[in-house]
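Colleague: I should like to take a close look at one part of this structure. Please describe it carefully for a student in the first year.

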Amino acid sequence: MKTAFLAAAVAASLLLGACSTTSPDVIRPGDAQRLSTVQDAVVLNVRPVVVEGQQSGVGGVSGAVIGGIAGGSVGGRREAAAVGVLGAVAGAVIGNTVERLGTREEAVEILLQLPSGERRALVQAKAQESFAPGEAVVLVTTGGRTRVMKAPTAATAAQPAR
């Protein structure tokens, strides 16, 4: 029983460690205090999309270990081996599904028009800001990653920094 509990705890910590976010409201530590480039744009269209979850294999392996241990503790020696194999297979399938669904994110695809007339599309996780067609935005690029945020208004931009 202790082994099954330990395996479950290890699997849960691995699954939680595999989760990440692409939210524009969350800045990675390596991007802090780095100078970013900023480009003006106008929103042409916004549509909801889903960013499919990751399948790194951690969920499948963790599920297989837990299922194998749990199944191996059933019945006699022969039954334990057969049920252990079935438990490992079922655990792998369930663990893989949990990982994929746990890393899936709701996002938006934003179609943008740059001042040069070029059009670009960018997918980013849903954030606190929402965008509407015709709205002025800025594209902030840091370390090869770009996020969209609302452009500051003239009143906001004219205030002195504190």
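Which residues does Asp40 contact, leaving aside its neighbours within four places in sequence?

Modeller: In this predicted model, Asp40 is in contact with Leu114, Pro115, Val137 and Val138, once its neighbours within four places in sequence are set aside. Asp40 itself belongs to strand β1, which covers residues 37-51. One of its partners, Leu114, stands 74 residues from Asp40 along the chain, yet the C-alpha atoms of the two are separated by 6.5 Å.

The chain as a whole gives the setting for this contact. It contains 4 helices and 5 strands, and their order along the sequence is α-β-α-α-β-β-β-β-α. Of the contacts between residues at least 6 apart in sequence, 68% join residues at least 24 apart. The pair of Asp40 and Leu114, at 74 residues apart, can be read against that background.

Strand β1 also takes part in a salt bridge. Side chains of opposite charge can pair when their charged atoms come close. Arg47 and Glu109 form such a bridge, with their closest N and O atoms 2.6 Å apart. Arg47 is in strand β1 and Glu109 is in strand β2 (residues 105-113), so this pair links distant parts of the chain, 62 residues apart. Are these two residues buried, partly exposed or exposed? Glu109 has a relative accessible area of 24% and is therefore partly exposed. Arg47, with a value of 42%, is likewise partly exposed.

Strand β2 has a further link, in which Glu106 forms a salt bridge with Lys126, the closest N and O atoms being 3.7 Å apart. Glu106 lies in strand β2, while Lys126 lies in the loop between β3 (119-125) and β4; the two are 20 residues apart. Glu106 counts as exposed because its relative accessibility is 54%, and the cut-off for exposed is over 50%. Lys126 reaches 43%, so it counts as partly exposed.

The loop between β3 and β4 also holds Glu135. A salt bridge of 3.4 Å, N to O, joins the side chains of Glu135 and Lys150. Since Lys150 lies in strand β5 (residues 145-150) and Glu135 in that loop, the pair ties together parts 15 residues apart in sequence. Lys150 is partly exposed, at 32% relative accessibility. The structure holds 4 salt bridges, among them the bridges of Glu109 with Arg47, Glu106 with Lys126 and Lys150 with Glu135.

Strand β4, residues 136-142, contains Thr142. Why does Thr142 count as buried? Its relative accessible area is 4%, and buried means under 20%. The side chain of Thr142 makes a polar contact of 2.2 Å with that of Ser36.

For a contrast with Thr142, one may turn to helix α3 (residues 77-102), where Val85 is found. Val85 is exposed, at 53% relative accessibility. Together with Val89 and Val93, Val85 forms a nonpolar patch on the surface, and the three have about 270 Å² of accessible area together.

Finally, the totals for the chain may be added. Buried residues account for 24% of its 162 residues. Its accessible surface comes to about 10700 Å², and 60% of this belongs to carbon and sulfur atoms.

Technical notes:
Residues numbered from 1 in each chain as written. Predicted model: local features only at pLDDT ≥ 70, side-chain atom pairs only at ≥ 80, totals over all residues. Heavy atoms only, no water. Buried < 20%, exposed > 50% of the residue type's maximum accessible area, 1.4 Å probe, protein only. Polar contact = N/O pair within 3.5 Å; in protein donor to acceptor, adjacent residues only side chain to side chain. Contact = heavy atoms within 4.5 Å. Patch = residues over 30% accessible without salt bridge, like charges linked within 9 Å, V, L, I, M, F, W, Y side chains within 5 Å. Areas by Shrake-Rupley, 256 points an atom, 1.4 Å probe, with all protein chains shown as cover.
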